[in-house]
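Work through the exercises below with the sequence and coordinates at hand. Each task is followed by a solution in steps.

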Amino acid sequence: YAAATISRMVIYGRQVWHWAVRRGIVASNPFSALKAGAQNNPERQAFIDRATIQRVMDASDDPEWQLLIALGRFCGLRVPSEALNLRWRDVDFEANRLTIRAPKTGSARQVPMFPEVRPLLLAALERAADGAVYVVAKYREGANVNPGLHKLVKRAGLTAWPRLWHSLRASRQTELAAEYPIHTVCSWLGNGRLIAAGHYLQTTDADWQRAVAHPVAQCGAESAV
């Protein structure tokens, strides 16, 4: 427990000082050379299925909140950083792609415009003011969106799960990894295989149900006796 607490303190300290460096408040990050240690804790992992997240989205009458939740759950974006940084210039409806510019790493990646998100983006485009820059207009980088999601979960009659936004992203990566090669999924979500295996991918109820319902396909021929 103590090791986990210290590790979290290092992570939070690194994030705060990184924020200060980016804004020119300080010259360097004293936490940058410290190792945070392993953060894999199965008790803080939760797979948020589609029925659950739909209940949460339905609990909101704000279409921007619904879009923000969908970007986290169905595109696997980091919320708030990547989702609030998404600009209309990076939304390509013709190619069905989003260009995600990650403030955390400074890199850019391509994410499919998944069918669950496309209609919400089209509706947001219709609402957008002339010359609008950001897809989610009401909230900006640095906004604390945790209380809002917590309130919606409660309004939906559900119990808040650990790591509210991270669990949405992890749930999407788990879903996608069951359908696509892991290198493809990691390129979409912007993480590496080791990070995905240790902090994102989960065994779901659907995995167990499929395992007991269907025999595993046999690879290769049986050895001759």
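The exercises cover a helix pair, a sheet and some backbone outliers.

The model is predicted: local features need pLDDT of at least 70, side-chain atom pairs count only at pLDDT 80 or more, and totals for chains, interfaces and linings use all residues. Residues are numbered from 1 along each chain as its sequence is written, and side-chain values use heavy atoms, with hydrogens and water left out.

**Exercise 1.** Determine how helices α7 and α8 are oriented to each other, and list the residues in their contact.

Solution.
- Step 1: Take the helices, which are DSSP runs of H or I with at least four residues, numbered from the N terminus. Helix α7 spans residues 164–177 and helix α8 spans residues 182–189.
- Step 2: Fit axes to the C-alpha atoms over the stretch in contact, with angles running from 0 to 180 degrees between N-to-C directions. The angle is about 150°, and the axes are 9 Å apart.
- Step 3: Angles over 145 degrees count as roughly antiparallel, and α7 and α8 are therefore roughly antiparallel.
- Step 4: Find the contact, meaning heavy atoms within 4.5 Å. Arg169, Gln173, Leu176 and Ala177 of α7 meet Ile182, Val185, Cys186, Trp188 and Leu189 of α8.
- Step 5: Sort these residues, with Ala, Val, Leu, Ile, Met, Phe, Trp, Tyr, Cys and Pro as nonpolar, Asp, Glu, Lys and Arg as charged, and the others, Gly among them, as polar. The contact of α7 with α8 has seven nonpolar residues, one polar and one charged.

**Exercise 2.** Give the strand order of the sheet and identify its edge strands.

Solution.
- Step 1: Strands are DSSP runs of E with at least two residues, and two strands pair if DSSP finds at least two bridges between them.
- Step 2: Three strands form an open sheet with antiparallel pairing, in the order β1-β2-β3.
- Step 3: β1 (91–92) and β3 (108–112) each pair on one side only, as edge strands.
- Step 4: Strand β2 (residues 97–101) is joined to β3 by five bridges. Arginine 97 has proline 112 in β3 as its bridge partner.

**Exercise 3.** Locate the cis peptide bond, and describe the positive phi values of asparagine 96 and arginine 163.

Solution.
- Step 1: Most residues other than glycine have a negative phi, and most peptide bonds are trans.
- Step 2: Valine 79 and proline 80 are joined by a cis peptide bond, with omega about 15°. Proline 80 sits in the loop between α3 (63–74) and α4 (81–85).
- Step 3: Asparagine 96, in the loop between β1 and β2, has a phi of about 55°. Arginine 163, in the loop between α6 (146–155) and α7, has a phi of about 50°.
- Step 4: Buried means under 20% relative accessible area, exposed over 50%, and partly exposed in between (1.4 Å probe, protein chains only). Asparagine 96 has 32% relative accessibility, so it counts as partly exposed. Arginine 163 has 35%, so it also counts as partly exposed.

Technical notes. Parallel < 35°, antiparallel > 145°, perpendicular 65-115°, else oblique.
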